[in-house]
Amino acid sequence: MKKQNLVPVFLGLISIFGYSCQPAFYTEADYFKVPKIDAHVHILTTEASLTEHLTSEKLRLITINVNAGEDVNTQRDTAVTLAKKFPGHICYLATFAFDTAVWNGDNWEQETIAALGRNISGGAVGVKLWKNIGMTERDRAGNFIMVSNSRFDPVISFIEQQGLPLTGHLGEPKNCWLPTDSMTVNNDKRYFKRHPEYHMYLHPEYPTYQDQLDARDNMLAKHPNLKFIGCHLGSEEWSVDELAKKLDRFPNMAVDLAARICHLQYQSAKNKEKVRDFLIKYQDRILYGTDINYSGSKLDSMFYAGIRTTRIKDWNYFTGEMELKSPDIDSPFTGLHLPKQVVDKIFYRNAVKWYKLEK
Ligand SMILES: [Zn+2]
C-alpha cells in the first residue's frame, strides 16, 4: 500500500470504531447544554413564568392531567393554554374522570370515549390512566374495578386508534404492601407512616400488589399493539430483574422514572453494574421524569431553584461516577456513568419517540 493512502484508511478505522475527539461521557456542566425532556410533571397554573426556566435548561415538559384533585376539564384547559403559551416547550397528556354512577349504567364506554375525545382534541400527546383504577373505584357490588375489566377494552382501543400511547400509573410501589420496617427507601417509610390510610399492608381487604400487576399485564396482553408507558418504573421499581422480564414480555411497553429514581439508587448501592446493565440494555424504553407538581403556591424562583437541584442530582447519578448520597436511602451509591447516547435517549430521545413529539 502506498504511504499516502494510509491517512484515509486510518480515518476510516476511527469512524468504524467510533473513536472521536468528543468525550464519551457527560459532565455536570453539560446539564445546561444538552436538550432534555421531563416527561412527567403536573403544572396546574397558567401563571407560571416558565420561559427563562425552560430555555436556560434546554428543557421541555410533558404535563400530565390526572383523575385527582382539580376537575379534569379545568386541567385540560390549563394544559392547552400552557402548550400555546410555551410552544415547543410544553405538551400534555389527557385523561378522563371515572364516574362510578356512569359505570353502574350501560353507557360508561360511550360516555368515556366521548369525554376522552374532547380532552385529547386540544393536542394531547397521550392519555393518562391513574391508580384510582385498581386502588379505589368499586362497582355497585363493592368489587374493585381493575383495568383488565373488559369494559376498558373499547376505551383502550379508541386510544390506540387515535395513535396515542396510554400512560398508566397503575398500582403502587411494592413497599406499600410491606410493613414499614421492611420497606426499602426512606421516603416511602415516611409517607406511609404519615398516611396509614394508603398503606396497603394495613388493608388486606384491598387488592394485592400482584393483583395490580396482573390486571395491568392482562390488559396489555389483550392490546398487543398499544403503546404503553408505565409510570414510576411500571410499579416494578424494586427489581430491575422483574422489570426486565416485563419489558421482554411486552415489546410495546416503556417506563418512566418519575419519583422512583431512589429505587434504582437503592439497587445501585447493592449492585451498581446490574442497574447500569439494565439501563443500557433497555436504553430505548426508559423516559426521564420527576413527577413535580406545581400549582403556583410558591414563588416561581424558589420552585425553579428546587427542581433544578433535583434534576442536576439525577443527571449526576446517570452521567457521573462519583460516590453520592441521598436522604432516601441509607447507603451511599455511585453514579452510573452511562454513555452519552444512553443519557440522550433517557433524557430526551425516548420521550420524542414514544410520544411522537417534534424533535
Ligand atoms: Zn405524577
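This passage looks at a buried strand, β3, and its neighbours, and then at helix α13, in a predicted model.

Strand β3, residues 90–94, makes a good starting point. Five of its five residues are buried, so the strand is largely enclosed by the rest of the structure. In a regular strand the side chains alternate between the two faces of the sheet. In β3, Ile90, Tyr92 and Ala94 point one way, while Cys91 and Leu93 point the other way. Residues of both sets are buried.

The pairing partners of β3 come next. Strand β2, residues 59–64, runs parallel to β3 and is joined to it by four bridges. Within this pairing, Ile62 stands opposite Cys91. Helix α3, residues 72–85, takes part in the connection: together with β2 and β3 it makes a right-handed β-α-β unit. Strand β4, residues 126–129, is also parallel to β3, and two bridges join these strands. Here Leu93 of β3 stands opposite Gly126 of β4. Cys91 and Leu93, which point the same way from β3, thus each have a named partner, Ile62 in the case of Cys91 and Gly126 in the case of Leu93.

Burial in helix α13, residues 272–281, has a pattern of its own. The buried residues in this helix include Val275, Arg276, Phe278 and Leu279. They cover an arc of only 160° around the axis, which puts them on the same side of α13. An α-helix has 3.6 residues a turn, so residues three or four places apart point the same way. The cover over the buried residues of α13 includes helices α11 (240–249), α12 (261–270) and α15 (340–354), along with strand β8 (286–287).

Notes. Residues are numbered from 1 along each chain as its sequence is written. This is a predicted model: local features need pLDDT of at least 70, side-chain atom pairs count only at pLDDT 80 or more; totals for chains, interfaces and linings use all residues. A residue is buried if 20 or more other C-beta atoms lie within 10 Å of its own, exposed if 12 or fewer, and partly exposed in between; C-beta atoms are placed from the backbone. Two strands pair if DSSP finds at least two bridges between them. A crossover is right-handed if, with the strands pointing away from the viewer, the path from the first strand over the helix to the second runs clockwise. The arc is that of the directions from the helix axis to the C-beta atoms. Two residues are in contact if their C-beta atoms, placed from the backbone, lie within 7 Å.
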